[in-house]
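Colleague: I should like to go through the charged pairs of this protein, and the terms applied to them, one by one.
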Amino acid sequence: MQDNSNLSVLVIDPNPGMRGSLQNMLVQSSITKIEFAVNASTAIKQVGKRSYDLILCEYDLDGGGGGDSGQDGQQLLEDMRHHKLIGLSTIFIMITSEGVYSKVVSAAELTPTDYILKPFTVDMLSQRINRAVERRAVFLPTYNLISQGNLREAIRSAATGEANHPRYVADFARLRADMHVALDELAQAEAIYSGILASKSIGWASLGLARVLFTQDKVEEAENVVTKLIEANPKFMAAYDLLAKCHEMNGAAYRAQKILEEAVAISPHMVRRLRRLGEVALEAGDVVVAEKSFKQVVSRSKYSEFRDPEDHVKLVKTLLKKGDTNQAGSVIRDMEKSLRGNAAIDACKAISVALLHESAGNTAAAVTELNAAVAAVRLSKGLSSELKIGLARTCLSNRLDNAAAEVMLTVMNDVDSDVSMQDAMSVFVKAGRPDLAEGMNSRLMTQVQELLDLSAEKGNMGDVKGAVQTLLEAQHMAPKNVQVMLALAKAILRQLEDLGWDHPLAEICNTQLDAIRKIDPANPLLPGLTEDYHSAQRKYGIST
């Protein structure tokens, strides 16, 4: 008989009677390490403090009251997945008596390990848990390597898993493909997905293939694959998201909007899709759909621990485009009241108020708020690049050139930003200010050189970690600069030599060396750095 006595379990349910019943059932299954949460907020706090082997979550976290007491289980799972609060090895089982079709689709879309309908027996619950634990045991060696950042070894582990566990061949292949994508090895991932599809039509393999094609700018091919996927499986929700991206890439915002509307009609509870629908609808000029979508996002995110004031800014923009200044003012007041204490609130409020003044023709007041927003952005962390770029554009339209340049520099200095230098420059070019683009480029190159000098100084002082981190900042600002690539590879190799093997850093080093081979294959430093990399692999038993 399977021994689950060491499993740590979090039960999330607002009903004390159900919590007690689940506890009794778990104890009868020899599971005693049980903790409880009564709503999404407390669950997020507990998961943030420690990890659990198993999470049993009631879908209706409102307790059947139909009120406004917080998130439902689907929204909670969405937050946990998106913010990486639960890993691949965490078993998440959704419990529900809800028969509403759309809610079941929403829950399944977010891939809980399993879901179980009430009422259920001890034996039924025990069987579901046993099945999930058995499966996890098979995948755990690969999961552990992934969590360590050792993707190369994880790929080999997954290949071994395929050979040893024929039952899970497709699942291990999926993991391998995902890891190749993470390593930007798109050709290998494409081959895996295509190989699977050659023998059997599987939805996730079609989606994976389409995503790889899209990433390689093969948009038409990706669109064909994902269109056929939707035709074969109209409830494969993530396919709609990718099809909408294909339409957007082709400049067809209205078609993208219609695809997202179809998806929301089928699965209306995914907050991030609702947000994207609002953004696309606003781009397409459909303020009615944009307003409805952003209002739903603000409402459904009300009890999220990760509530984002940027959603209020988007709703304000939509209302102002509609000409509804009164309601826009109400949204700003709600943002200020309900999100007090949020680190991003000062910047979001100042941007919203500036837009309100601008729409009313109060240029002086708008300029004052824009300057306040720029100051707040300088001090805030976690603001999206999209918000900052929007602020820069508004500054440019109000002739605040220096403020716009300062905001774009914060974007380029943010190592988590996915905005390239070319993207940053295009903001000024599209605004008819190529002179500002040239000035920005000059300032960025000066900063890059300063970071190179600072890194060298840290390396000379023995701060090898500091040297690497400084060069990672420089690499973000100048990703195709060979001088930065060489310095970063050299610094990482020194850290590996002095402090031991680090899988994620080693992958960054390998990526830099590959990039140098493509850009400057005759570089005289490349052979020595490549040999040093292989030497480090041999030293730590990573490669023979």
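The exchange below takes up salt bridges, burial and one helix.

Modeller: This is a predicted model, in which local features need pLDDT of at least 70 and side-chain atom pairs count only at pLDDT 80 or more, while totals for chains, interfaces and linings use all residues. Residues are numbered from 1 along each chain as its sequence is written, and side-chain values use heavy atoms, with hydrogens and water left out.

Colleague: Why is the pair Asp-114 and Arg-131 called a salt bridge?

Modeller: The term requires a side-chain nitrogen of Lys or Arg within 4 Å of a carboxyl oxygen of Asp or Glu. The closest N and O atoms of Asp-114 and Arg-131 are 2.9 Å apart, so the pair qualifies. Asp-114 lies in strand S5 (residues 114–117) and Arg-131 in helix H5 (residues 122–147), 17 residues apart, so that distant parts of the chain are linked. Helices (H or I, at least four residues) and strands (E, at least two) are DSSP runs, numbered from the N terminus.

Colleague: What makes Asp-114 buried or exposed?

Modeller: Buried means under 20% relative accessible area, exposed over 50%, and partly exposed in between (1.4 Å probe, protein chains only). Asp-114 has 15% and therefore counts as buried, whereas Arg-131, at 46%, counts as partly exposed.

Colleague: How do you know that Arg-276 and Glu-279 form a salt bridge, and where do they lie in helix H13?

Modeller: Their N to O distance is 2.5 Å, which meets the cut-off. The two are three residues apart in helix H13, and so are separated by about one helical turn. Glu-279 is buried, its relative accessible area being 14%; Arg-276, at 30%, is partly exposed. Both belong to a network of salt bridges that also includes Glu-248, Lys-314 and Glu-386.

Colleague: Which residue pairs with Arg-275?

Modeller: Asp-311 does, with the closest N and O atoms 2.7 Å apart. The pair joins helix H13 (residues 271–284) to helix H15 (residues 310–322) across 36 residues, and both partners are buried.

Colleague: What makes H15 "mostly covered"?

Modeller: Ten of its 13 residues are buried, among them Asp-311, His-312 and Lys-314. The buried residues of H15 pack against several helices, including H13 and helix H14 (287–300), where contact means heavy atoms within 4.5 Å.

Colleague: How does the length of H15 compare with the expected span?

Modeller: The expected span is 1.5 Å times one less than the number of residues. H15 reaches 19 Å from its first C-alpha to its last, close to the expected 18 Å.
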